Amino acid sequence: MFEGFDSGRIAVDGVEIAYVAAGAGEPVLLLHGFPQTKALWARIAPELVALGYRVICAAMGLPTNHRPSPIWPITASGPWQPIRLG
């Protein structure tokens, strides 16, 4: 899954988020919902790269991400803040 994609981690507001990324050009950020995983994008991400986009798939859930504290509620909304696009 995600062959040819680089993987990495980025810290955002004290939370470390894992991601995979590939391609060049205009960036496209793919975020999954609860209870999905980045695997949701495994088929579409390579297609977007082939169309010339820089594709970033964030892994928004546990256990791939760093826990900022011992108490981190896992709920439908999780610890994430809403992201406004556009």
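Trainee: Let's start with Ala18: is this residue buried or exposed?
Mentor: Keep in mind that we're looking at a predicted model. The relative accessible area of Ala18 comes to 11%. The cut-off for buried is under 20%, so Ala18 counts as buried.

Trainee: And in which strand is the place of Ala18?
Mentor: Read along the sequence, the chain follows the pattern β-β-β-α-β, with 1 helix and 4 strands in it. Across the fold, the C-alpha atom of Ala18 is 7.4 Å from that of Ser7, although 11 residues separate them along the chain. Ala18 itself belongs to strand β2.

Trainee: In what order do the 4 strands form the sheet?
Mentor: The sheet is open and its pairing is mixed. Going across the sheet, the order is β1-β2-β4-β3.

Trainee: So which strands stand at the edges?
Mentor: Look for strands with a single partner, because one side of such a strand is left without a neighbour in the sheet. That description fits β1 (6-12) and β3 (27-30).

Trainee: How many bridges pair β1 and β2?
Mentor: In general, strands of a sheet pair through backbone hydrogen bonds, either parallel or antiparallel. For β1 and β2 the sense is antiparallel, and Val12 stands opposite Val15 of β2. The number of bridges between β1 and β2 is 7.

Trainee: Which residues make up the aromatic pair, and is it stacked or edge-to-face?
Mentor: The structure holds 1 aromatic pair. The rings belong to Phe2 and Phe5, with their centres 5.4 Å apart and their planes at 70°. Planes over 60 degrees apart count as edge-to-face, so the pair of Phe2 and Phe5 is edge-to-face.

Trainee: What is the relative accessibility of Phe2?
Mentor: Phe2 is found in the segment before β1, and its phi is positive, about 60°, although Phe2 is not a glycine. Both Phe2 and Phe5 are buried. Phe2 earns that label because its relative accessibility is 9%.

Trainee: How many residues make up the largest nonpolar core?
Mentor: In soluble globular proteins, nonpolar side chains tend to be buried together. Here the largest nonpolar core includes Phe2, Phe5, Val20, Leu30 and Cys57. At least two core residues come from each of β2 (15-22), α1 (44-50) and β4 (54-59). The full count for this core is 9.

Trainee: Which residues does Cys57 touch, leaving out those up to four places away in sequence?
Mentor: Cys57 is a member of the largest nonpolar core, and some of its contacts are fellow members, including Phe2, Val20, Leu30 and Ala45. The full list for Cys57 is Phe2, Ala18, Tyr19, Val20, Leu30, Lys38, Trp41 and Ala45.

Trainee: What percentage of the protein chain counts as buried?
Mentor: The chain has 86 residues. Among its contacts between residues at least 6 apart in sequence, 62% join residues at least 24 apart. As for burial, the value is 23%.

Trainee: What pLDDT does the protein chain average, and where is it below 50?
Mentor: The chain averages a pLDDT of 75, and 65% of the residues score at least 70. Over residues 69-74 the pLDDT stays under 50, and the model has 9 contacts beyond four places in sequence for them. Another stretch below 50 has 1 contact in the model beyond near neighbours in sequence. To sum up, the average is 75, and the stretches under 50 include residues 69-74 and residues 82-86.

Technical notes. Residues are numbered from 1 along each chain as its sequence is written. This is a predicted model: local features need pLDDT of at least 70, side-chain atom pairs count only at pLDDT 80 or more; totals for chains, interfaces and linings use all residues. Side-chain values use heavy atoms; hydrogens and water are left out. Rings of Phe, Tyr and Trp (its six-membered ring) pair if their centres lie within 6.5 Å; planes under 30 degrees apart count as stacked, over 60 as edge-to-face and the rest as tilted. Buried means under 20% relative accessible area, exposed over 50%, partly exposed in between (1.4 Å probe, protein chains only). A nonpolar core is a set of buried Ala, Val, Leu, Ile, Met, Phe, Trp, Tyr and Cys residues joined through side-chain atoms within 4.5 Å. Contact means heavy atoms within 4.5 Å. pLDDT is the predictor's confidence in each residue, from 0 to 100. Two strands pair if DSSP finds at least two bridges between them.
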